[in-house]
Amino acid sequence: MALSAALAGACGSDDGPGADATPATSLEVRARNLQFDRRTLTAVADSEISLRLVNEDAGVPHNVAIYGSRGGEPIYVGETFSGNDTRDYVFQSSAAGDYFFRCDVHPDSMTGTFAVR
Ligand SMILES: [Cu+2]
């Protein structure tokens, strides 16, 4: 709890839908300076999910792809595009569980947990 509280504080009022532990069908993550602005996205299980990627890195390609686990099989691979630009990815969420998301262009530095509840 202490860690999540610290992260929430660090992100301040920029936190959008899905930033906390409350499951949502509409999520947003920003890419800036080769990092995502959050470590966890929390989605509703077995639902149509709209995930917005705001790419604020001008001329740098990013995407969001969801995997069963780190190094596992892809579940959904969002289109890669260069900033500054935005895409709305729409896909069906899986059963409840902890999944993994990353940018496929920067798989070492841009990663997080895709929590489905
Ligand atoms: Cu990237």
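Helices and strands here are DSSP runs, at least four residues long for a helix and at least two for a strand, numbered from the N terminus. On that basis, the elements of the protein chain run α-β-β-β-β-β-β-β-β-β-β-β from the N terminus on. Keep in mind that this is a predicted model. What you're looking at is one helix and 11 strands, with a copper ion held by four residues and a nonpolar core of 23 residues as the largest of its kind.

**Overall layout**
- The protein chain has 117 residues, and 37% of them are buried.
- Take the contacts in the protein chain with a separation of 6 or more: 55% of them come from residues 24 or more positions apart.

**Copper site**
- Four side chains hold the copper ion: His62 and His106 each through ND1, Cys103 through SG and Met110 through SD, at 2.0 to 2.8 Å.
- The angles between the four donor atoms run from 88 to 128°, and since the tetrahedral class asks for all angles between 85 and 135 degrees, the arrangement counts as tetrahedral.
- For reference, the ideal angle for four tetrahedral donors is 109.5 degrees.
- Along the sequence, the donor residues follow the spacing H-x40-C-x2-H-x3-M.
- His62 sits in strand E5 (residues 61–62) while Met110 is in the loop between E10 and E11, so this pair ties together parts that are 48 residues apart in sequence.
- His62 has a relative accessible area of 0%, so it falls under the 20% cut-off and is buried.
- Met110 is also at 0% relative accessibility and counts as buried.

**Nonpolar core**
- Within the largest nonpolar core, with its 23 residues, Phe36 and Phe114 are the ones that touch the most other members.
- Six strands each supply at least two residues of this core: E1 (26–32), E3 (40–43), E4 (48–55), E9 (85–92), E10 (97–102) and E11 (111–116).
- As a general point, nonpolar side chains tend to be buried together in soluble globular proteins.
- If you skip neighbours within four places in sequence, the contacts of Phe114 include Leu27, Leu41, Ala43, Ile66 and Phe91.
- Phe114 is also in contact with a run of residues from Gly97 and Asp98 through Tyr99, Phe100 and Phe101.

**Cavity**
- How many cavities of 30 Å³ or more does the structure hold? There is one.
- The largest cavity has about 50 Å³ of space in it.
- Its lining is made up of Ile66, Ile75, Phe91, Gln92, Ser93, Ser94, Tyr99, Phe114 and Val116.
- E9 and E11 each supply at least two residues of that lining.
- Phe114 turns up here as a lining residue, as well as among the core members that touch the most others.

**Two partly exposed residues**
- Pro23 is placed in the loop between helix H1 (2–11) and E1.
- With 32% relative accessibility, Pro23 counts as partly exposed.
- Pro23 and Ala43 are 20 residues apart in sequence, and their C-alpha atoms are 4.6 Å apart in space.
- Leaving out residues up to four places away in sequence, Pro23 touches Thr42, Ala43, Val44 and Arg117.
- Arg32 belongs to strand E1, and at 45% relative accessibility it counts as partly exposed.
- Arg32 touches Glu56 and Asp57, again not counting residues up to four places away in sequence.
- From C-alpha to C-alpha, Arg32 and Val60 are 9.7 Å apart in space, with their positions 28 residues apart in sequence as the separation.

Note on methods
Residues are numbered from 1 along each chain as its sequence is written. This is a predicted model: local features need pLDDT of at least 70, side-chain atom pairs count only at pLDDT 80 or more; totals for chains, interfaces and linings use all residues. Side-chain values use heavy atoms; hydrogens and water are left out. A nonpolar core is a set of buried Ala, Val, Leu, Ile, Met, Phe, Trp, Tyr and Cys residues joined through side-chain atoms within 4.5 Å. Buried means under 20% relative accessible area, exposed over 50%, partly exposed in between (1.4 Å probe, protein chains only). Contact means heavy atoms within 4.5 Å. Donors are N, O and S atoms within 2.8 Å of the metal (3.2 Å for Na, K and Ca); water is not among the atoms, so sites may look incomplete. Four donors count as tetrahedral if all angles lie between 85 and 135 degrees; four count as square planar and six as octahedral if opposite donors are over 155 degrees apart and all others between 65 and 115; anything else is irregular. On a 1 Å grid over the protein atoms alone, a cavity is a set of points where a 1.4 Å probe fits but cannot get out, and a pocket is an open set with protein on both sides within 12 Å along at least five of seven lines; lining residues have an atom within 4 Å of a point. Grid points are joined across faces, edges and corners, and a volume is the space filled by probe spheres set on the points.
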